[in-house]
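Here are a few notes from my read-through, set out point by point. I hope they are handy while you have the structure open.

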Amino acid sequence: APERNGHDYLQTLSDRKSFQNFEDLSSSDPDFTKFFNSVQKDSKIYQEMCSKNQIFKMEVIQQNKQLFNFYTGLDLDVFNSLFTYLQRKASSMQYFHGERTTYVQPFNLDGYGVKRKPGVTRQLSLQEEFFSVLYRLQTGHLLEECSLRFGVSSSQFSRNFTTWINLLSMELELLCKNAEPDEDVGLASCFKPFPNLRVILDCTELFSETPSSVEYHKQTHSNYKHHSTIKFLVGIHPSGAVTYISKAYPGKSSDKQITQESLDLIDSLIPGQKVMVDRGFTIEEDLPCGVKLVIPSFKGASRQQLTANELSKSKVISRARVHVERCMRRIKSFNILRQELKLSQVDVYEQIFKTCAYLVNFQNP
């Protein structure tokens, strides 16, 4: 491969040196040296980590609140509160084992223990498993690197991640979906012209690998992104909270089609409420009777420009609607979503996106 100034511009991921020990990882991660030095101060924790070949341990990371937020996206107090809420159901989860998994009940909704044969002793505590899942969502590291850092096999980390992602997506959706914050929650001044505004809607796309099948390629190809994509409808409350995430759609799907098929959102609207959208969402006829659509004005083909009144109205709407764009930017700040979706992950990608989206509600404003 040609090299310029000592850099191989055709280098691939498989060519790069894999992390095999503490020294390799220390030289690649600027935060690792500081972390490793703090670990060595407590010889008991250090010996335990060495015996398990575990590089990361939550007990040490949480001593630095700024570093903990960097690796999880959450403050330590918020993390502990969320884990306490999930702990009862997490303790009765049935871990994913591929095709061998029995899809009767992934975890016990009543919180009572599920009787099963004793399995392999848990290598990480429930709290460390939760921490490791947030760590991967936030950093986007590969399974192999995550398994090295937490001292478990790649297959074990994959099972933990898949199981927790399914639990998180379901539980966070129950907490946040179509929720209406308290009336005393302060709203930005740009929403004052829109009383009773229930939700602001927009679609977002994420890159995916190109399917080998021509038919599937046609369905996933986005004319807007000029790439194969997966598409989601995102809805936020004027307070900024994420309150709706649709199921995943191929990139060719239109914004209008996705909204029309999101019947759980449409059926939750009541007369007197308003829905704010962009120009592509011509869904006024699909909304329940009495629900008003707030949408910028159209110029159309019959005239050259908008009237002064229409232009002023559109500017007011745009100042409020931009908040959903900012929210989608925060969702995509999870590094796992910045990578191209692998087709092997398509079964869990919807749960990953929903988890990342609803976790934004638990971050600092």
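1. Of the 365 residues in the protein chain, 43% count as buried. Please keep in mind that this is a predicted model. The chain exposes about 20,400 Å², and carbon and sulfur atoms supply 50% of that area.

2. On the overall make-up, the protein chain has 14 helices and 9 strands. Among its contacts with a separation of 6 or more, 61% are between residues 24 or more positions apart.

3. A good place to start is strand β3, residues 197-207. This strand is mostly covered, with 10 of its 11 residues buried. β3 pairs with strand β8 (residues 274-276) in the parallel sense, over 3 bridges. If you would like a residue to click on, Ile-200 has Met-276 in β8 as its bridge partner.

4. β3 also pairs with strand β5 (residues 227-236), and here the two run antiparallel, joined by 8 bridges. Thr-204 finds its bridge partner in Phe-232 of β5. β3 therefore has a parallel pairing with β8 and an antiparallel one with β5, given that strands count as paired from at least two bridges.

5. From β5 you can carry on to strand β6 (residues 242-245), which pairs with β5 in the antiparallel sense over 3 bridges. Val-234 is bridged to Ile-245 in β6. β5 and β6 form a hairpin with 5 residues between them, and Gly-240 in the turn has a positive phi of about 105°.

6. Now for the helices, where α9 (residues 154-176) deserves a look. Helix α8 (residues 143-150) packs against α9 at an angle of about 100°, with the axes 9 Å apart. That angle makes α8 roughly perpendicular to α9. On the α8 side the contact has Leu-143, Glu-144, Cys-146, Ser-147 and Phe-150, which meet Ser-154, Phe-157 and Ser-158 of α9. By class, these residues divide into 4 nonpolar, 3 polar and 1 charged.

7. Helix α7 (residues 126-139) packs on α9 as well, at an angle of about 85° and with the axes 10 Å apart. α7 is therefore roughly perpendicular to α9. The α7 residues in this contact are Leu-126, Glu-129, Phe-130, Ser-132, Val-133, Arg-136 and Leu-137; they meet Phe-157, Asn-160, Phe-161, Trp-164, Ile-165 and Leu-168 in α9. The contact of α7 with α9 has 9 nonpolar, 2 polar and 2 charged residues. Phe-157 is worth a click, as it takes part in the contact with α8 and in the contact with α7.

8. Finally, some backbone geometry to check. Most residues other than glycine have a negative phi. Asn-196, however, has a positive phi near 65°. Asn-196 sits in the loop between α9 and β3, and its relative accessibility of 56% means that it counts as exposed.

9. His-226 is another case to look at: this residue is not a glycine, yet its phi is positive, at about 55°. Which elements does the loop holding His-226 connect? The loop lies between β4 (221-222) and β5. Is His-226 buried or exposed? With a relative accessible area of 62%, His-226 is exposed, because the cut-off for that class is over 50%.

Conventions:
Residues are numbered from 1 along each chain as its sequence is written. This is a predicted model: local features need pLDDT of at least 70, side-chain atom pairs count only at pLDDT 80 or more; totals for chains, interfaces and linings use all residues. Side-chain values use heavy atoms; hydrogens and water are left out. Buried means under 20% relative accessible area, exposed over 50%, partly exposed in between (1.4 Å probe, protein chains only). Helices (H or I, at least four residues) and strands (E, at least two) are DSSP runs, numbered from the N terminus. Axes are lines fitted to C-alpha atoms, for helices over the stretch in contact, and angles run from 0 to 180 degrees between N-to-C directions. Angles under 35 degrees count as roughly parallel, over 145 as roughly antiparallel, 65 to 115 as roughly perpendicular and the rest as oblique. Contact means heavy atoms within 4.5 Å. Ala, Val, Leu, Ile, Met, Phe, Trp, Tyr, Cys and Pro count as nonpolar, Asp, Glu, Lys and Arg as charged, and the others, Gly among them, as polar. Accessible areas come from the Shrake-Rupley method with a 1.4 Å probe; for residues, only the protein chains shown count as cover.
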